[in-house]
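Here's a walk through one chain, starting from its core and working outwards. Have the viewer open while you read.

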Amino acid sequence: MTVDNSPLLKRFTFQERVVHWAVALSFVYLALTGLALWSPQLYWLAGVFGGGETVRAAHPWVGVFFCVVLALMFGNWARFMLIDRDDRRWLAMAHRYAVGKTAGMPEPGRFNAGQKVMFWMQCLMAVLMLASGLVLWYPEVTSRGLRLAAIVIHPASAVISICGIIVHFYMATFATPGSLRGMIEGEVDADWARHHHPKWYRETTGDA
């Protein structure tokens, strides 16, 4: 199968895509219901998901599910996410990538440095949200100091994570058209791969 006379390359396995979308959809639910519980002005969002009582009961359990599938994602991709010298150079030039000017930038592999930083940041925020969420879920068995810390840490880490996902969505759609196809269909156009992930392209195809 070809598109514009360019063959397709397998980018993500079915399992990787299922895990990714499980993480994404559970994150969207947690973000929207978390905002509903956090702000009276946004409480109307709770009505979209069955009302306040339903949201309060479901939010922590969906949070546990999110952490489980994120752990599966970590197992899939952590070895690809190690940051090397080229990645550090890429990050110094990331502003150019954001506007589509990639000439002269270090060649990325399967994931570029921005995706790697996003991965580690989201994993860190997930750990903070899980730890603080457990304190808020069982306040009666924790100290007052932990409860006060959790009240600050949980929404703060959630806001950072939401902002990161907004950037991730922008980069996967508007900034680098064609990226989303890989996560939906599992395949990408070879020309796209050669342009955006040349090191991975050569490793995959064996081209010099």
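Which residues have the most contacts inside the largest nonpolar core? In this predicted model, they are Val 23, Phe 66, Leu 70, Met 73, Trp 77 and Phe 119, and the core they belong to has 20 residues. Helix H1 (14-38), H3 and H6 each put in at least two residues. H1 gives the largest share of this core, with seven residues. As a bit of background, nonpolar side chains tend to be buried together in soluble globular proteins.

Leu 70 is a handy place to zoom in. Skipping neighbours within four places in sequence, Leu 70 is in contact with Val 23, Gln 122, Cys 123 and Ala 126. Gln 122, Cys 123 and Ala 126 are also among the buried residues of H6.

**The overall picture**

Stepping back, the chain has 10 helices and three strands. In sequence order the pattern is β-β-α-α-α-α-α-α-α-α-β-α-α. The C-alpha atoms fill a box of roughly 60 × 35 × 30 Å along the principal axes. Of the 208 residues, 41% are buried. If you take contacts between residues at least 6 apart in sequence, 69% of them join residues at least 24 apart. The chain exposes about 11,800 Å², and carbon and sulfur atoms supply 69% of that area.

**Helix H6 and its cap**

H6 has 25 residues, which at 1.5 Å a residue should span 36 Å; the end C-alpha atoms are 35 Å apart, so the two values agree. Its buried residues include Lys 116, Met 118, Phe 119, Met 125 and Met 129. What do the buried residues of H6 pack against? They pack against helix H3 (52-77), helix H4 (85-92) and H7.

At the N-terminal end of H6, Asn 112 acts as the cap, with a side-chain oxygen 3.0 Å from the backbone nitrogen of Gly 114. Asn 112 itself sits in the loop between helix H5 (94-98) and helix H6 (113-137). Beyond its neighbours within four places in sequence, Asn 112 is in contact with Trp 90, Tyr 97 and His 197.

**Another loop residue**

Thr 176 also has a loop address, between helix H7 (144-175) and helix H8 (179-185). Its side chain reaches the backbone oxygen of Met 171 at 2.3 Å. There is also a polar contact of 2.8 Å between the side chains of Thr 176 and Ser 179. With neighbours within four places left aside, Thr 176 is in contact with Tyr 97, Met 171, Trp 192 and His 196. Tyr 97 turns up in the contacts of Asn 112 and in those of Thr 176.

**Two buried helix residues**

Phe 27 is in helix H1. Not counting residues up to four places away in sequence, Phe 27 touches Phe 66, Ser 161, Ile 162 and Ile 165. Phe 27 and Ile 165 are 138 residues apart along the chain, yet their C-alpha atoms are separated by 9.3 Å.

Met 183 belongs to helix H8. Its contacts, leaving aside neighbours within four places in sequence, are Phe 12, Arg 17, His 20, Trp 21 and Trp 77. Trp 77 is one of the core residues with the most contacts. For a distance in the other direction, the C-alpha atoms of Met 183 and Glu 107 are separated by 21 Å, with the two positions 76 residues apart along the chain counted as their separation.

Here are the accessibilities of the residues just discussed:

| Residue | Relative accessible area | State |
|---|---|---|
| Asn 112 | 4% | buried |
| Thr 176 | 4% | buried |
| Phe 27 | 10% | buried |
| Met 183 | 7% | buried |

**The C-terminal helix end**

Which residues of helix H10 (residues 198-205) are buried? Pro 198, Trp 200 and Tyr 201 are. Looking down the H10 axis, these buried residues fall within an arc of 155°, so they line one face of the helix. Their cover includes strand S2 (6-10), strand S3 (187-189) and helix H9 (190-196). After H10 comes Gly 206, with a positive phi near 80°.

Note on methods:
Residues are numbered from 1 along each chain as its sequence is written. This is a predicted model: local features need pLDDT of at least 70, side-chain atom pairs count only at pLDDT 80 or more; totals for chains, interfaces and linings use all residues. Side-chain values use heavy atoms; hydrogens and water are left out. Helices (H or I, at least four residues) and strands (E, at least two) are DSSP runs, numbered from the N terminus. Buried means under 20% relative accessible area, exposed over 50%, partly exposed in between (1.4 Å probe, protein chains only). Contact means heavy atoms within 4.5 Å. A polar contact is a pair of N or O atoms within 3.5 Å; within protein, one must be able to donate a hydrogen and the other to accept it, and residues adjacent in sequence count only if both atoms are side-chain atoms. The expected span of a helix is 1.5 Å times one less than its number of residues. A nonpolar core is a set of buried Ala, Val, Leu, Ile, Met, Phe, Trp, Tyr and Cys residues joined through side-chain atoms within 4.5 Å. Accessible areas come from the Shrake-Rupley method with a 1.4 Å probe; for residues, only the protein chains shown count as cover. The arc is that of the directions from the helix axis to the C-beta atoms.
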